[in-house]
4 protein chains.
Amino acid sequence: MTLHNAEGREIKVGVLGATGTVGQRFISLLAGHPYFVIHALGASARSAGKAYSQAVVWKQTSPIPHIVREMVVQECKPEFFLECSVVFSGLDAEVAGDIEAAFRNAELAVFSNAKNFRRDPLVPLIVPLVNGNHFAMIHQQRALNNPPLKKGFILTNANCSTTGVVVPLAALEKAFGPLESCIITTMQAISGAGYPGVPSLDIVDNIVPYISGEEEKMEWETLKILGGITEGDDGLKSFDMHSRHPLRISASCNRVPVIEGHTECVSVRFARRPPPSPQQVREALAAYTSDAYALGCPSAPRHTIFVHEEADRPQPRLDRDYQKGSGVSVGRVRQCRVLDIKFVVLANNVAIGAATSSILNAELAVIKGHIN
Amino acid sequence: MTLHNAEGREIKVGVLGATGTVGQRFISLLAGHPYFVIHALGASARSAGKAYSQAVVWKQTSPIPHIVREMVVQECKPEFFLECSVVFSGLDAEVAGDIEAAFRNAELAVFSNAKNFRRDPLVPLIVPLVNGNHFAMIHQQRALNNPPLKKGFILTNANCSTTGVVVPLAALEKAFGPLESCIITTMQAISGAGYPGVPSLDIVDNIVPYISGEEEKMEWETLKILGGITEGDDGLKSFDMHSRHPLRISASCNRVPVIEGHTECVSVRFARRPPPSPQQVREALAAYTSDAYALGCPSAPRHTIFVHEEADRPQPRLDRDYQKGSGVSVGRVRQCRVLDIKFVVLANNVAIGAATSSILNAELAVIKGHIN
Amino acid sequence: MTLHNAEGREIKVGVLGATGTVGQRFISLLAGHPYFVIHALGASARSAGKAYSQAVVWKQTSPIPHIVREMVVQECKPEFFLECSVVFSGLDAEVAGDIEAAFRNAELAVFSNAKNFRRDPLVPLIVPLVNGNHFAMIHQQRALNNPPLKKGFILTNANCSTTGVVVPLAALEKAFGPLESCIITTMQAISGAGYPGVPSLDIVDNIVPYISGEEEKMEWETLKILGGITEGDDGLKSFDMHSRHPLRISASCNRVPVIEGHTECVSVRFARRPPPSPQQVREALAAYTSDAYALGCPSAPRHTIFVHEEADRPQPRLDRDYQKGSGVSVGRVRQCRVLDIKFVVLANNVAIGAATSSILNAELAVIKGHIN
Amino acid sequence: MTLHNAEGREIKVGVLGATGTVGQRFISLLAGHPYFVIHALGASARSAGKAYSQAVVWKQTSPIPHIVREMVVQECKPEFFLECSVVFSGLDAEVAGDIEAAFRNAELAVFSNAKNFRRDPLVPLIVPLVNGNHFAMIHQQRALNNPPLKKGFILTNANCSTTGVVVPLAALEKAFGPLESCIITTMQAISGAGYPGVPSLDIVDNIVPYISGEEEKMEWETLKILGGITEGDDGLKSFDMHSRHPLRISASCNRVPVIEGHTECVSVRFARRPPPSPQQVREALAAYTSDAYALGCPSAPRHTIFVHEEADRPQPRLDRDYQKGSGVSVGRVRQCRVLDIKFVVLANNVAIGAATSSILNAELAVIKGHIN
């Protein structure tokens with residue numbers, strides 16, 4: 001692989017769904033990016049034609065970046081984004097499908113946070129701290145498109161709760177071989193539901209033990225991400241869904257009154273007997289590094305997984321902003337009396353769980369030469 | 001068993017730790033009781049000698065009951081409680097051991113909410129909706145005491161998070177035979193930690209994924225409660241800790257920003273193959289009735305387990321006060337891809353999880369003739 | 001005035017907006033009412049035709065009352081409510097105006113919680129603990145209607161934050177004569193905004209120092225409620241808006257992360273010099289009784305104003321349910337260095353601040369003979 | 001005044017109460033300071049002798065700075081701090097008095113966040129964005145000490161809720177002349193009470209309308225800060241407590257479930273008639289600049305007062321971290337029907353309301369030549 005250094009370059013990017021929660025986070029993060037430069041903003045027809053600062057109800061704790069304050073919002077049509085090399089999509093699932101497909105057909109590289117294409121057998125579902133190798137599917141995606149494409153593609157990142165757990169699971173498989181089963185209980189922040197999202201009457205002094213579609217996503221996406229790519233006799237590649245070593249995953253998803261940061265209690269069973277000890281697991285997690293960091297992605301965390309030693313960490317309020325939320329925290333690694341090992345994961349759902357992953361994926365795409 | 005009807009009787013009771021969180025709840029519940037009448041209140045030397053309304057920082061949402069407002073608080077010494085037939089203890093673990101033992105030796109029947117005697121091989125650990133049969137140990141407890149006792153005994157109820165989960169587990173074992181393993185993740189209310197308890201800075205907009213000693217309690221108490229009593233060749237009884245069908249339990253305990261009501265995500269595996277279906281489980285849970293209700297305990301819930309059909313229930317704020325918190329709510333019964341069945345449990349930690357269970361245990365003791 | 005005793009009677013009532021937040025509270029309260037019996041439920045066309053339990057997303061902490069579970073929801077058209085003697089409206093302001101007018105024209109007595117008719121010069125704005133004398137306007141409202149009415153009328157209760165403060169202000173004016181000015185800062189619960197209402201992302205760990213239109217309502221409604229009714233030379237009555245003793249009111253309204261119960265910090269200046277002492281104010285507040293209680297309204301609180309002596313009360317979580325939220329709590333009565341006296345008010349915004357006041361108004365209407 | 005440029009210098013500082021809430025914040029802020037370098041840490045005897053990372057329960061959202069991780073904590077005795085030019089005190093009031101006096105007598109410059117010396121007629125109470133001119137009292141403080149001092153002095157900053165309101169009040173007096181009266185209602189964050197501070201059971205879903213001693217502090221400190229220094233016939237200086245234009249202040253203080261950021265609703269009356277318009281007030285607030293910024297203090301905010309135009313700002317969660325919490329936010333400037341003008345203030349209680357003010361005061365002291 002030839003690595004493409006982006007230093008000194010300036011790469012124009014667009015943001016779709018720019019007024020929404022994820023869109024705002026994209027803009028906040030991109031405003032300080034070393035080479036991505038926001039060039040176009042897309043939103044609904046209602047916002048189009050307005051200056052961004054007029055169109056948005058800004059809900060971030062940092063002010064609206066100067067570069068976008070007066071930028072005129074466009075409708076989400078490819079013709080307004082043709083100068084962009086990269087398009088980040090924070091669109092809602094209701095509209096993301098058609099729009100993202102149109103952008104791809106217009107030869108744009110789309111990095112989507114929406115769920116619409118995650119199950120597409122040609123679209124990589126990439127958690128940049130885990131399976132950068134799935135970029136290998138892009139060539140086939142372009143080739144099989146109708147009409148075939150030269151530059152356009154769609155690449156998605158995972159659901160926020162999947163992202164949190166898949167990073168330590170990948171680290172464990174790398175160190176100790178395949179996992180056999182995994183039980184996960186999540187405690188997910190309200191920001192995961194967007195804005196207006198969860199009504200306050202539903203969550204103050206309360207838990208909602210259900211998030212529509214979330215458990216299925218976690219149980220399915222994890223297999224695609226942790227699995228490999230196989231090539232058939234016809235030369236066609238496909239995602240193997242971890243099928244060489246079947247992995248059973250059971251998720252229970254809860255909404256909790258936390259603003260940011262998904263906490264997940266995880267128990268795993270390894271195929272290998274005897275399983276590793278808690279101390280071996282701790283060391284393997286701490287030692288895990290991502291390709292994204294190794295290849296020099298500027299948004300990649302130094303500590304892919306930060307392993308806490310204190311008995312009561314990680315905690316969302318204290319740990320979600322470590323490394324700007326670009327890594328994952330793990331704590332309480334200990335034996336499980338039913339499976340083998342259990343631990344607690346914390347991931348910032350709006351950073352590594354959403355916008356930061358998309359940006360990291362785009363950085364990887366640049367480095368790997370997929371962005372022209 | 002000869003049943004003893006308490007109707008028309010008036011049974012004098014004392015409350016130890018009367019100014020604390022559990023003590024306040026005891027007093028609120030007992031104020032409206034059909035036959036238990038508060039006769040004496042015990043607290044620390046600092047409170048002794050004061051009228052209760054002066055000694056207490058009352059934190060209940062209902063006013064201080066009139067019957068105790070002017071009652072003079074005593075030190076926790078048996079001599080002040082000799083007219084009581086029943087003593088409820090809401091004492092902290094730091095002092096509960098010695099005081100409760102002294103009260104027992106003074107021939108008082110002590111119903112304790114503290115953990116000190118839970119592991120004592122002669123002390124029943126009774127969740128009144130589950131294992132009323134463990135009263136059978138009281139005779140031996142008295143006989144082996146030094147000196148042997150005629151009336152005195154100690155009986156404990158379980159930890160609040162254990163109580164929540166053990167009720168549906170008992171219902172499942174009753175219907176489908178022994179369980180093999182169980183993974184539990186709790187989301188526990190702040191009231192479970194007493195007052196002042198959890199500092200607000202630790203829990204507003206936060207989760208603390210650790211509660212000291214809690215996981216061990218859940219893993220251990222469950223075995224004692226769900227197990228039976230065996231009799232040795234020497235005629236001595238002992239708790240069998242579910243040893244005839246070893247049951248592995250793994251608990252992960254979290255503190256969440258909820259005032260009242262512990263929510264628990266539970267996955268179970270049955271010994272029996274094939275396991276029951278979700279619908280069979282739902283029916284078994286709904287059909288489960290406790291001895292406490294069958295025997296006419298006035299504080300027993302009509303619905304021992306209320307089974308929710310809505311996708312997003314139970315929720316602590318909406319469901320914790322159903323039946324005054326004396327029952328348990330279960331929802332989201334569905335298949336687990338790793339074990340067999342998973343579901344959500346909600347139990348009011350300060351009602352059935354604490355004071356209500358002690359009172360129910362005392363009601364059972366009256367009915368079963370253990371209170372003279 | 002001839003008093004009409006409702007005892008033994010059964011008065012059929014309807015509820016408009018029955019699936020909304022206020023409608024649900026109406027239903028919860030009416031389910032246990034001694035003589036009002038729910039006879040018809042109205043909601044939007046989307047809900048019409050469904051059983052109530054199917055149409056509603058029930059958000060109360062008590063279960064759906066049996067009497068309405070299977071009741072078929074109607075559209076909000078008078079023809080479906082003609083058997084009702086009283087109609088309670090929990091409609092949103094967007095639709096309340098036309099519907100309530102139509103119901104009045106159909107000779108129905110409408111007790112509205114909406115703001116639409118509050119400023120109407122013929123419609124009484126009644127806080128039942130304060131200005132039951134404003135019923136006197138009903139005759140003129142009927143007479144001037146086009147066409148004139150025999151039985152129909154509209155009567156509104158006040159905004160929830162107005163209701164809280166106007167009760168102690170009325171008590172003070174009754175005891176010490178007119179007030180001159182009043183500065184109020186509110187801390188209002190999220191339930192005041194209905195459902196879905198305030199997004200959780202806006203209010204967890206936050207304060208929103210603005211509620212649209214609320215300050216104007218408080219400054220205006222208070223004058224109508226505390227003012228009298230004057231009769232012109234033409235025999236026509238009008239509300240005098242406290243104009244005989246101009247009263248300046250300044251309100252600052254804030255939304256806080258509290259579920260139920262509006263807390264308000266109030267400073268007042270009396271016309272009378274010297275002003276009363278804090279102790280005199282305390283006594284006057286505690287001694288204040290409402291007509292509603294004196295006349296035997298079953299929903300009226302025994303203590304119209306409960307005066308707390310503790311330094312740190314009232315608190316919404318501890319005090320909002322006292323007397324089922326039908327009264328008002330006041331605490332911290334002390335001197336103000338700028339005006340004369342300051343104190344803290346707590347009122348349950350969904351009970352006395354909304355549904356309970358409407359029901360009390362209807363009870364007053366029955367007793368005063370306005371319901372045939 | 002000769003200004004002393006600190007650039008290029010390295011000034012050794014100590015932190016007293018280093019393991020407490022304020023102490024932790026001092027350390028976080030000082031870790032990135034351009035010339036203050038942490039040289040010694042003081043805490044209770046229990047912590048002394050331990051490495052800081054072992055002694056502290058770190059509750060900040062950023063990690064423990066490397067410079068202090070292994071630094072050995074000392075007892076709070078002057079002999080361990082003699083190499084420091086500046087000592088910051090985050091001590092609790094119970095111990096601050098004696099320790100700070102001892103440090104002053106050891107010729108150390110003490111910048112205290114405690115309340116003990118605030119009312120001392122020789123100790124400046126300085127909000128660095130307001131009354132840097134009160135440094136003028138230091139000379140007399142040294143001269144009248146027993147024994148007289150050459151370098152040692154004590155300087156305090158204000159209570160966190162006072163600091164928030166006094167900045168805009170100072171701006172208004174500067175622009176429009178003396179104020180006559182001011183009514184303030186605060187909604188104060190839990191972090192203002194330190195750790196463990198407010199029990200969660202007292203504040204989740206609740207308001208506590210009382211903070212012991214807080215209202216008196218606000219009413220008193222404001223006069224000292226906004227007042228001037230007068231010189232008597234004997235040449236002795238004294239703080240005039242705003243006595244040339246008596247100013248009446250009335251505060252109502254509430255604790256709310258917000259982690260950081262005190263929100264305050266303020267109404268003011270000007271001596272000058274007619275009073276300024278809301279627009280004039282807005283402009284005066286926005287134009288106000290502090291000496292601290294003008295003199296180049298590195299921790300001074302560029303916008304001393306940020307004036308929000310949106311109807312619903314400032315909000316603590318969104319605005320408390322603007323400029324790292326070193327400035328003050330004001331919004332909703334509008335007419336008051338009782339006094340003249342009302343507005344909302346937000347100040348970060350742990351930044352400008354505590355540690356940041358102490359550090360700014362020390363920066364001012366360096367620039368003004370009081371630190372040798």
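Helices here are DSSP runs of H or I with at least four residues, strands are runs of E with at least two, and both are numbered from the N terminus. With that in hand, A:Pro147 can be placed in the loop between α5 (138–144) and β6 (153–156) of chain A. Please keep in mind that this is a predicted model. The points below cover how the copies are arranged, some backbone details to look at, and how the two domains of chain A meet.

**How chains A and D are related**

- Chain D superposes on chain A after a rotation of 180° with 0.0 Å of shift along the axis, and the RMSD is 0.0 Å. The two copies are thus related as by a two-fold rotation axis.
- D:Asp205 is the residue of chain D that comes closest to this rotation axis, with its C-alpha at 3.3 Å.
- The copies meet through the same surface, because 100% of the interface residues of chain D are also interface residues in chain A.

**Backbone details to look at**

- In chain A, the peptide bond from A:Asn146 to A:Pro147 is cis, with omega near 0°.
- Chain B also has a cis peptide bond from B:Asn146 to B:Pro147, with omega near 0°. Here B:Pro147 sits in the loop between α5 (138–144) and β6 (153–156) of chain B.
- B:His242 is not a glycine, yet it has a positive phi of about 65°. This residue belongs to the loop between β9 (237–239) and β10 (248–255) of chain B, and B:His242 is buried, with a relative accessible area of 7%.
- B:Arg332 is not a glycine either, and its phi is positive at about 55°. B:Arg332 lies in strand β13 (residues 328–335) of chain B and counts as buried at 12% relative accessibility.

**How the two domains of chain A meet**

- The domain assignment splits chain A into domain 1 (11–158 + 355–367) and domain 2 (160–348). Their C-alpha centres lie 24 Å apart.
- In chain A, 34 residues of domain 1 are in contact with 36 residues of domain 2.
- Domain 1 and domain 2 of chain A bury about 2,800 Å² between them, 65% of it on carbon and sulfur atoms. A:Arg119, A:Leu129 and A:His134 supply 22% of the area that domain 1 buries against domain 2, more than any other three residues.
- Two salt bridges are found across this domain interface. A:Arg25 forms a salt bridge with A:Glu260, with the closest N and O atoms 3.2 Å apart.
- Twelve residue pairs are in polar contact between the two domains of chain A. On the side of domain 1 that touches domain 2, α1 (21–30), α5 and α12 (351–367) of chain A each give two or more residues, and α12(A) gives the most, with seven residues.

Note on methods. Residues are numbered from 1 along each chain as its sequence is written. Chains are lettered from A and ligands numbered from 1 in the order in which they are written. This is a predicted model: local features need pLDDT of at least 70, side-chain atom pairs count only at pLDDT 80 or more; totals for chains, interfaces and linings use all residues. Side-chain values use heavy atoms; hydrogens and water are left out. Copies are superposed by least squares on the C-alpha atoms of residues with pLDDT of at least 70 in both. Contact means heavy atoms within 4.5 Å. Buried means under 20% relative accessible area, exposed over 50%, partly exposed in between (1.4 Å probe, protein chains only). Domain bounds come from an automatic or database domain assignment. Buried area is the accessible area (1.4 Å probe) that two parts lose on being put together, summed over both. A salt bridge is a side-chain nitrogen of Lys or Arg within 4 Å of a carboxyl oxygen of Asp or Glu. A polar contact is a pair of N or O atoms within 3.5 Å; within protein, one must be able to donate a hydrogen and the other to accept it, and residues adjacent in sequence count only if both atoms are side-chain atoms.
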